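Please open the structure in your viewer and keep the selection tool at hand. The tour below moves from one selection to the next and says what to look for at each stop.

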Amino acid sequence: MKDRSILKGLDRRQVLAGLGAAATLPLMPRTALAADVKQITVTSYGGIWERAIRECFVTDFKARTGVDAEVLIGGPPQWISQIEANKDNPPIHVLVATPDSAAVAVKAGLVDPISVEKVPNLANVPQQFIDMALGHGAAFDYGAAGLAYNKDTVKNPPKSIKEFVERTIAGEWKAGLPTISYAPAPQAFVWSFADALGGGVENLDPFFAAMQKMRPNVVFWTGVTDFLNLMDAGEVDIGVYYDGRTWAHYDTGKTYIDFINPEEGGVMSPVCTMKVKNAPEIAWEYVNSMLAPGPQAEFAKILNYGVTNTQVQYDELRQKRITPWEKTRFPPNDRIGELLPAWTERWNKEIGA
């Protein structure tokens with residue numbers, strides 16, 4: 001039934017995109033034919049993410065190719081280790097990864113370069129989303145890290161990160177902020193605030209100066225759900241958080257919560273899809289499903305996160321909720337990765353949380 005519901009949602013252009021993808025199959029070597037491969041192994045985060053991956057991408061892939069896809073739950077570091085341990089016969093065929101993990105996979109020679117010839121739907125993905133996978137994949141979905149707040153206690157929310165910092169220092173609210181041990185914090189928080197306050201990836205002085213002043217009015221959190229628990233308990237009123245997760249919490253009945261994309265722009269937090277080297281060629285078709293407009297529109301509907309194919313038409317609710325990627329900032333992930341040990345050392349000395 002779900003297969004049918006997704007395919008029914010495809011318009012003529014989307015169907016043609018799918019047909020274009022299928023048309024590439026006869027050009028592939030024999031090992032690529034569906035008759036030769038009964039199942040591939042793909043990857044997903046857990047929870048609602050897994051449900052969306054299965055309902056949107058696995059369903060589309062199976063309907064078009066007749067090949068099944070086993071979904072392996074976990075995270076990029078674990079998956080990359082598994083692939084690296086058996087490069088000639090990888091246990092994983094399609095990897096999903098954050099840009100920093102994608103860079104690790106590329107530099108280790110674990111994934112194949114991507115092209116429109118292999119993945120026709122790549123033609124409708126902006127180049128920025130291909131560049132962040134270093135030309136070896138593309139982002140298929142993204143969140144924006146901005147500010148989530150309690151409408152009942154913050155009647156006049158800040159419009160920018162700079163205003164948020166000034167009013168936190170003034171004690172207008174209790175702010176919930178991630179510690180640097182939260183994996184996305186270096187991009188979504190440290191670099192974002194340094195950039196907004198006049199510094200940048202090479203100059204964190206404005207960030208640490210602001211943190212010293214804000215700290216009496218800050219509660220730190222380390223896990224992605226911790227912030228929502230603090231909000232529900234009334235221990236914080238506002239803080240750094242993601243648009244999609246904010247709306248997912250709203251939809252559970254916590255209608256007090258709202259999201260701000262700050263004037264500086266929320267921080268682009270994407271997830272990339274990549275074909276693993278030595279995986280069956282049919283795995284490109286799964287990547288093509290992850291970049292197809294129909295399945296991406298369904299994925300956005302489930303998760304309230306943005307997707308990257310420019311042909312996707314969001315429904316009315318998602319149009320209001322999803323932050324346009326053009327209104328986000330792309331962090332310098334490679335450089336942040338290089339500087340992270342020094343950033344962590346400075347955080348531990350000056351913040352210690």
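Is strand β7 (residues 238–242) largely enclosed by the rest of the structure or exposed, and how many of its residues are buried? Select that strand first, bearing in mind that this is a predicted model: five of the five residues of β7 are buried, so the strand is largely enclosed by the rest of the structure.

Keep β7 selected and add its partners. Strand β4 runs antiparallel to β7 and is joined to it by five bridges, whereas β5 runs parallel to β7, with two bridges between them. Ile-238 is a good residue to click on here, since it can be followed in both directions: this residue of β7 is the bridge partner of Tyr-149, and it is also the bridge partner of Ala-175.

From β5 (175–178), move on to the loop that leads to α8 (185–196), and select Thr-179 there. Thr-179 has a relative accessible area of 4%, and it is therefore counted as buried. Its side chain makes a polar contact of 2.7 Å with the side chain of Ser-181. If you set aside the neighbours within four places in sequence, the residues in contact with Thr-179 are Ala-185, Phe-220, Trp-221, Thr-222, Trp-347 and Ala-353.

The next selection is helix α7 (residues 161–169), where the buried residues are Ile-161, Phe-164, Val-165, Arg-167 and Thr-168. Just after this helix, Gly-171 has a positive phi of about 80°.

Phe-164 opens the way to the interior, as it is one of the residues with the most contacts inside the largest nonpolar core, a set of 109 residues, together with Ile-40, Leu-95, Tyr-286 and Phe-299. In soluble globular proteins, nonpolar side chains tend to be buried together. Select Phe-299 and display what surrounds it: beyond its neighbours within four places in sequence, Phe-299 is in contact with Trp-49, Ala-52, Ile-53, Cys-56, Phe-57, Phe-140, Asp-141 and Val-307.

Cys-56, one of those contacts, leads to the cysteines. Which disulfides should you look for in this model? The count comes to zero, and Cys-56 is in none, the nearest cysteine sulfur being that of Cys-272, 18 Å away. Cys-272 is likewise in no disulfide, with the sulfur of Cys-56 as its nearest. Cys-56 counts as buried because its relative accessibility is 1%, and Cys-272 counts as buried at 0%.

Two loop residues deserve a look at their backbone. Most residues other than glycine have a negative phi. Leu-134, in the loop between α6 (127–131) and β4 (138–150), has a positive phi near 55°, and its relative accessibility of 34% makes it partly exposed. Asn-278, in the loop between β9 (266–275) and α12 (283–290), also has a positive phi, near 75°, and at 46% relative accessibility it counts as partly exposed.

To finish, colour the chain by confidence. The average pLDDT is 90, and 90% of the residues score at least 70. Over residues 1–33, however, pLDDT stays under 50, and for this stretch the model has 40 contacts beyond four places in sequence.

Conventions
Residues are numbered from 1 along each chain as its sequence is written. Side-chain values use heavy atoms; hydrogens and water are left out. Helices (H or I, at least four residues) and strands (E, at least two) are DSSP runs, numbered from the N terminus. Buried means under 20% relative accessible area, exposed over 50%, partly exposed in between (1.4 Å probe, protein chains only). A polar contact is a pair of N or O atoms within 3.5 Å; within protein, one must be able to donate a hydrogen and the other to accept it, and residues adjacent in sequence count only if both atoms are side-chain atoms. Contact means heavy atoms within 4.5 Å. Two strands pair if DSSP finds at least two bridges between them. pLDDT is the predictor's confidence in each residue, from 0 to 100. A nonpolar core is a set of buried Ala, Val, Leu, Ile, Met, Phe, Trp, Tyr and Cys residues joined through side-chain atoms within 4.5 Å. A disulfide is a pair of cysteine sulfur atoms within 2.5 Å.
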